[in-house]
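User: I am new to this structure and would like to learn how to read it. Could we take one feature at a time?

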Amino acid sequence: GKEALRSKNLPNDKQYLITKHVPCKCRIKDLEKGQKLTNEKGFAGDWVLPESDKPEKKKHENTVDIDCEEEKAKALKEQFVSDVAKDIDDVEEDDVFIESVQNTEHEFFNTRTYDISITYDLYYQTPRLWLMGYSEKGEPLTKDQMYEDIMSDYADKTVTMEQHPHQGIQCISIHPCKHAKLMKHIIDTIKANGGNAEIHQAMFFFLKFISSIIPTIEYDFTIDAELK
């Protein structure tokens with residue numbers, strides 16, 4: 001990128017963080033139609049800190065009581081032989097089914113993806129997040145298409161289309177004008193509730209409140225954040 005946009009505190013070849021091919025399986029309109037993906041906690045003005053509503057994992061108990069009596073052992077052996085014979089008879093049908101699944105695999109797994117990068121904004125002296133989206137076929141998304149994955153309250157307000165300072169391409173950018181204020185509010189709230197916010201957690205909390213703007217882009221696999 002341009003030398004004037006580089007941070008002097010960072011190496012020239014390490015001016016920003018980037019992660020690629022982040023999945024985005026559904027549009028924001030799915031949320032607005034009532035599909036609840038997160039529980040949100042307000043923390044500063046119109047911004048919210050999402051708390052993941054993770055479903056409880058179901059416990060699967062596949063237990064078998066084994067009786068060592070000769071008759072039961074014989075019955076189990078006969079059942080096993082019968083099942084194997086049936087499987088052999090069905091091999092041809094299974095091969096046809098597998099081929100069918102392979103031919104339609106893209107219908108289940110292809111999805112939009114995003115390249116997400118974080119730069120250091122020299123003016124506001126805070127992190128700044130950038131998004132570049134791609135369709136299911138790997139083609140760059142248009143501005144309007146990427147806005148489909150931005151919460152409508154932020155599109156064309158906090159979120160704008162700008163040139164990436166180091167890549168030189170047009171990307172969606174989340175403007176950093178309120179980042180410092182929001183981060184301070186988070187830290188103050190944690191301290192007020194008896195908690196302790198460490199310096200190394202700054203990026204963690206930054207990504208947490210950014211997820212309130214792009215809740216369907218699945219970049220966050222960290223633990224839930226609580227303001228305490």
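Analyst: Start with a single residue. This is a predicted model. Buried means under 20% relative accessible area. Arg112 has 7% relative accessibility, so Arg112 counts as buried.

User: Which residues form salt bridges with Arg112?

Analyst: The general idea comes first. Side chains of opposite charge can pair when their charged atoms come close. Here, Glu148 forms a salt bridge with Arg112, with the closest N and O atoms 2.7 Å apart. Arg112 also forms a salt bridge with Asp149, and there the closest N and O atoms are 2.9 Å apart.

User: Where in the chain do Arg112 and Asp149 lie?

Analyst: Arg112 is in strand E4, and Asp149 is in the loop between H5 and E6. They are 37 residues apart, so this pair links distant parts of the chain.

User: Is Asp149 buried or exposed? And how does Glu148 count?

Analyst: Asp149 is buried, as is Arg112. Glu148 has 36% relative accessibility and counts as partly exposed.

User: How many salt bridges does the whole structure have?

Analyst: The search finds 7. One of them joins Lys184 and Asp188, with the closest N and O atoms 2.8 Å apart. Both residues lie in helix H6 (residues 179-192), 4 residues apart, about one turn of the helix. Lys184, at 52% relative accessibility, counts as exposed. Asp188, at 37%, counts as partly exposed.

User: Which residues are joined into one network by salt bridges that share partners?

Analyst: Arg27, Arg112, Glu148 and Asp149.

User: Now the sheet. In what order do its strands run?

Analyst: Read a sheet strand by strand, from one edge to the other. The order here is E1-E4-E5-E7-E6, an open sheet of 5 strands with antiparallel pairing. Strand E1 (16-24) and strand E6 (159-163) stand at the edges. Each has a single partner strand, so one side of each is left without a neighbour in the sheet. The twist averages 30 degrees from one strand to the next.

User: How many bridges pair E4 with E5?

Analyst: Strand E4 (residues 112-121) and strand E5 (residues 126-134) pair over 9 bridges, in the antiparallel sense. Ile118 stands opposite Leu129 in E5.

User: Which helix lies across E4 and E5?

Analyst: Helix H7 (residues 202-210) does, and H7 also lies across strand E7 (170-174). H7 runs at about 50 degrees to E5.

User: And how many helices and strands does the chain have?

Analyst: The chain has 7 helices and 7 strands. Of its 228 residues, 32% count as buried.

How values were computed: Residues numbered from 1 in each chain as written. Predicted model: local features only at pLDDT ≥ 70, side-chain atom pairs only at ≥ 80, totals over all residues. Heavy atoms only, no water. Pairing = 2+ DSSP bridges. Helix = DSSP H or I, 4+ residues; strand = E, 2+ residues; numbered from the N terminus. Axes fitted to C-alpha atoms, helices over the stretch in contact; angles between N-to-C directions. Contact = heavy atoms within 4.5 Å. Buried < 20%, exposed > 50% of the residue type's maximum accessible area, 1.4 Å probe, protein only. Salt bridge = Lys/Arg side-chain N within 4 Å of Asp/Glu carboxyl O.
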